[in-house]
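Reader: I am new to this structure and would like to understand the words used for it. Could you show it to me, and then take my questions one at a time?

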Amino acid sequence: MSLEKKAAKILKNSKFVVAFTGAGISTESGVPDFRGPGGIWEKYNPEMFTIQRLKSNPKEVWKKLLQIEEEFQKSEIEPNPGHLALAELEDMEILTGIITQNIDGLHQRAGNSPEKVIELHGNLRELECMNCGIHISRPVEIKEIPPTCTECGSIMKPATVLFGEKLPKSALMRAHSLAEKSDAFLVIGSSLRVQPAASFPAKASQTNADLIIVNKDSTPIDGKAEVVLKGLAGRILPEILKNIEH
Ligand SMILES: [Zn+2]
């Protein structure tokens, strides 16, 4: 049996399938990577993007943030066949939820329900008030830099997690609860080398979920996985899907 077929069989026979996606699935769509070679942090100094710096020097930091965000909003960035396969798995009522480290919104654009996508690092669709905490959808163009809150007048930040900030508690709790309940856990495009990324499949495997790993490189938990598929998500996920359908 091929590995794709084995993965398909696991997914088909599971009742609570959760996917965890990292930068790998998005770089296949042309989204810039933060940490990799040629990534954002080779062009920009990460020290510029701490929450402390944004508070003390909002205008300067916001200008840089807008430059980075432009790289995420290039028109050629579209969901790839890997994203589309995950949307189809939800349509087939096989996939229960997605936990993602990505801020690009490509899962929702591919067709996954927004309420089923947990964004651990926030998103680019909204702004968040640094004082009262409200979220508003982001205007197409931010005219006033830094943008201020319509409720309390304080400075707003992007609704993404900056350096020096904790990951949003509610997203973390929802993600851990999904991982705990899962009976099949699909890791896609993450090398699982940093926390909390590694904690989700670890939790899933503790509660006896079958692990399936789709990634270019090996991960520290390959040995615990039922199936390890090395390569591009945009090639492998549609293959798995084909095996579910037939
Ligand atoms: Zn406010």
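**How the terms are earned**

Author: UniProt, in an unreviewed entry, places the feature "binding site" at C129, C132, C149 and C152; UniProt positions are given in the numbering used here, feature names are shortened, and annotations may be inferred rather than shown by experiment. The four span 24 residues in sequence, yet no two of their C-alpha atoms are more than 8.5 Å apart, so they gather at one spot. This is a predicted model, in which local features need pLDDT of at least 70 and side-chain atom pairs count only at pLDDT 80 or more, while totals for chains, interfaces and linings use all residues. Residues are numbered from 1 along each chain as its sequence is written, and side-chain values use heavy atoms, with hydrogens and water left out.

Reader: What makes C129, C132, C149 and C152 donors of the zinc ion?

Author: Donors are N, O and S atoms within 2.8 Å of the metal (3.2 Å for Na, K and Ca), and since water is not among the atoms, sites may look incomplete. The SG atoms of C129, C132, C149 and C152 lie 2.3 to 2.4 Å from the zinc ion, and they therefore count as its protein donors. Along the chain these donors follow the spacing C-x2-C-x16-C-x2-C.

Reader: Why is the site of the zinc ion called tetrahedral?

Author: Four donors count as tetrahedral if all angles lie between 85 and 135 degrees; four count as square planar and six as octahedral if opposite donors are over 155 degrees apart and all others between 65 and 115, and anything else is irregular. The angles among the 4 donor atoms of the zinc ion are 99 to 120°, so the site is tetrahedral. C129 lies in strand β4 (residues 122-129) and C152 in the loop between β5 (135-137) and β6 (156-160), so the pair ties together parts that are 23 residues apart in sequence. Helices (H or I, at least four residues) and strands (E, at least two) are DSSP runs, numbered from the N terminus.

Reader: How do you know whether C129, C149 and C152 are buried or exposed?

Author: Buried means under 20% relative accessible area, exposed over 50%, and partly exposed in between (1.4 Å probe, protein chains only). C129 is at 2% and is therefore buried, and C149, at 5%, is buried as well, whereas C152, at 33%, counts as partly exposed.

Reader: Which residues does C149 touch, and what makes a contact?

Author: Contact means heavy atoms within 4.5 Å. Not counting residues up to four places away in sequence, C149, which lies in the loop between β5 and β6, touches C129, C132, I134, S154 and M156. With the same kind of neighbours left aside, C152 is in contact with C129, N131 and C132.

Reader: Where in that loop is there an exposed residue or a cis peptide bond?

Author: V140 is in the loop between β5 and β6, and with a relative accessible area of 93% V140 is exposed. P146 lies in the loop between β5 and β6 too, and a cis peptide bond, with omega about -5°, joins I145 and P146. Another cis peptide bond joins Q195 and P196, with omega about 5°, and P196 lies in the loop between β7 and α9.

Reader: Why is the phi of E93 worth a remark?

Author: Most residues other than glycine have a negative phi, and most peptide bonds are trans. E93 has a positive phi of about 60° although it is not a glycine. E93 lies in the loop between α6 and β2 and is exposed, at 73% relative accessibility. L192, also a residue other than glycine, has a positive phi near 55°, but L192 counts as buried, at 4%.

Reader: What makes the link between S182 and A179 a polar contact?

Author: A polar contact is a pair of N or O atoms within 3.5 Å; within protein, one must be able to donate a hydrogen and the other to accept it, and residues adjacent in sequence count only if both atoms are side-chain atoms. A polar atom of the side chain of S182 lies 2.8 Å from the backbone oxygen of A179. S182 is found in the loop between α8 (169-181) and β7 (184-188), and is buried, with a relative accessible area of 3%.
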